[in-house]
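Me: I am new to this structure and would like to go through it by question and answer. Please keep the replies plain.

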Amino acid sequence: MKQPLAGIVATLLVMAIALGFISLFDFPTFAGWVGYLLLCIIPIQIVTAVLWKCGVPEFAGKQSQPMKGISLLVVNAVVAAIVAYVYFQYVGAAIGPPTPMLGMCTIVSVIITFWFCIMWGGWPFTAIIKNQLVAGLVTLVAAYVANYIIFRFIFDYSFMQGAPVYVPQLDPHGLVPAFNALAFYLTLLASMFLIINFDLWPLTNFPSVMKQPTLGIVWTIACFILAAIIYNTGVRGFGMDPMQFMVRVPVPFVFGTIVVQNMMQGSLFSSLKGPVKGVANALAVIVIGQVLAAFYRAMMPVVTGPLKAGGPGYDAEVWLATALLSVTFPFLIFYAAFFDFWLLKKPE
């Protein structure tokens, strides 16, 4: 198959597998342990796909499919198991099932790893460490450390006091209510993906900007400006609940970008250039993301059972975000990057 057909078929197949996987668990297990463990695999998955280009470790990267994909998957699973244990013990105080504090800290670790690997290209570690494997692992550790420090500074759970899930010793008492902070984090990620849909235009017009660390600095500032505009328009301008804003705006956009850029490999508008291509990509991402999010929302009662939307628990919102970004997202990347569309496309 050629693109975009291969991407469309692969996306539908992976979505079916993801929904079947989700149906194996009741909601508390799915939103707790399952979501937590899968979130722990995404940062090393980002390092493998972005910094290592699926070629490191070499014993895995040099194999033919499907052994290459299987080997990379095993490596990722081992690293994720180590991370899950460390974070559970030292961030979650070994309290099971995972608390909201541990869950959100793990969610935003994914966003920080995207920031380290994509916007900063692993700088400065990739610049000073010549061994790709070591540079990637150091970047991963640095992302987790930075994430925890930022999490402790920003997130506040005081509004949960009195709720069964509130654990006083795990509340960082940061600057921002946790749900608002989480929604803004996801908006930052969507802003990064928006710029990716424009192929980094207009930054590409300035060659001096396209080198690290200048690129990382400028791209980060641009993301914060875009995220502030989008978040404040939705939450303050239109009065949307932060969690409902999150699953209606940034989450579908992030998911749609994965489909357009990773599954279809940017093939929809490859003949277009500059901002025109960016606008076309962004519109396609919005439509695809919203349609697939609506489909998952409709499948929720069938797969898991009816869940209540809105506060205080936000069960429906948690289910949708977890189903799209904690399950289907890594499944899509595993197939597209690790297995290189095995069986659907000829190996490159």
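The turns below go from the whole chain to single residues.

Me: How many helices and strands does the protein chain have?
Reply: This is a predicted model. The secondary structure was assigned along the protein chain, and the count comes to 13 helices and two strands.

Me: Is the protein chain as compact as a globular protein of that length, or less compact, and what is its radius of gyration?
Reply: For 348 residues the globule rule gives 20 Å. The value for the protein chain is close to that, so the chain is as compact as a globular protein of that length. The C-alpha atoms fill a box of roughly 55 × 45 × 40 Å along the principal axes. The radius of gyration is 19 Å.

Me: What percentage of the residues in the protein chain is buried?
Reply: A residue counts as buried when its relative accessible area is under 20%. The protein chain exposes about 15,300 Å², with carbon and sulfur atoms supplying 72% of that area. Of the 348 residues, the buried part is 52%.

Me: Among contacts between residues at least 6 apart in sequence, what percentage joins residues at least 24 apart?
Reply: The contacts in question are those in the protein chain between residues at least 6 apart in sequence. Those that join residues at least 24 apart make up 73%.

Me: How many residues apart in sequence are the parts tied together by Phe-21 and Phe-331?
Reply: A search of the whole structure finds 24 aromatic pairs. In one of them, Phe-21 and Phe-331 have ring centres 5.6 Å apart and planes at 65°, which is edge-to-face. Phe-21 lies in helix α1 and Phe-331 in helix α13, so the parts tied together are apart in sequence by 310 residues.

Me: Is Phe-21 buried or partly exposed?
Reply: The partner ring, Phe-331, is buried at 18% relative accessible area, because buried means under 20%. Phe-21 has 24% relative accessibility, so Phe-21 counts as partly exposed.

Me: Is the pair of Phe-151 and Phe-155 stacked, edge-to-face or tilted?
Reply: Phe-151 is buried, with a relative accessible area of 2%, and Phe-155 is buried at 0%. Ring pairs link these two with Tyr-157 and Tyr-185 into a cluster. The centres of Phe-151 and Phe-155 are 4.8 Å apart and the planes stand at 35°, so the pair is tilted.

Me: Which residue forms a salt bridge with Asp-199?
Reply: The structure holds two salt bridges. In one, Lys-62 pairs with Glu-58, with the closest N and O atoms 3.5 Å apart. In the other, the closest N and O atoms are 3.1 Å apart, and Asp-199 in the loop between α8 and α9 is linked to a residue in helix α12, 78 residues apart. That residue is Lys-277.

Me: Which residues have a positive phi although they are not glycine?
Reply: Most residues other than glycine have a negative phi. One exception is in the loop between α8 and α9, and another lies in the loop between α11 and α12. Each has a phi of about 55°, and they are Asp-199 and Gln-265.

Me: Which prolines follow a cis peptide bond?
Reply: Most peptide bonds are trans. The bond from Gln-65 is cis, with omega near 5°, and leads into the loop between α3 and α4. The bond from Gly-311 is cis, also with omega near 5°, and leads into the loop between α12 and α13. The prolines are Pro-66 and Pro-312.

How values were computed
Residues are numbered from 1 along each chain as its sequence is written. This is a predicted model: local features need pLDDT of at least 70, side-chain atom pairs count only at pLDDT 80 or more; totals for chains, interfaces and linings use all residues. Side-chain values use heavy atoms; hydrogens and water are left out. Rings of Phe, Tyr and Trp (its six-membered ring) pair if their centres lie within 6.5 Å; planes under 30 degrees apart count as stacked, over 60 as edge-to-face and the rest as tilted. Helices (H or I, at least four residues) and strands (E, at least two) are DSSP runs, numbered from the N terminus. Buried means under 20% relative accessible area, exposed over 50%, partly exposed in between (1.4 Å probe, protein chains only). A salt bridge is a side-chain nitrogen of Lys or Arg within 4 Å of a carboxyl oxygen of Asp or Glu. The radius of gyration is taken over C-alpha atoms; the globule rule is 2.2 Å times the number of residues to the power 0.38. Contact means heavy atoms within 4.5 Å. Accessible areas come from the Shrake-Rupley method with a 1.4 Å probe; for residues, only the protein chains shown count as cover.
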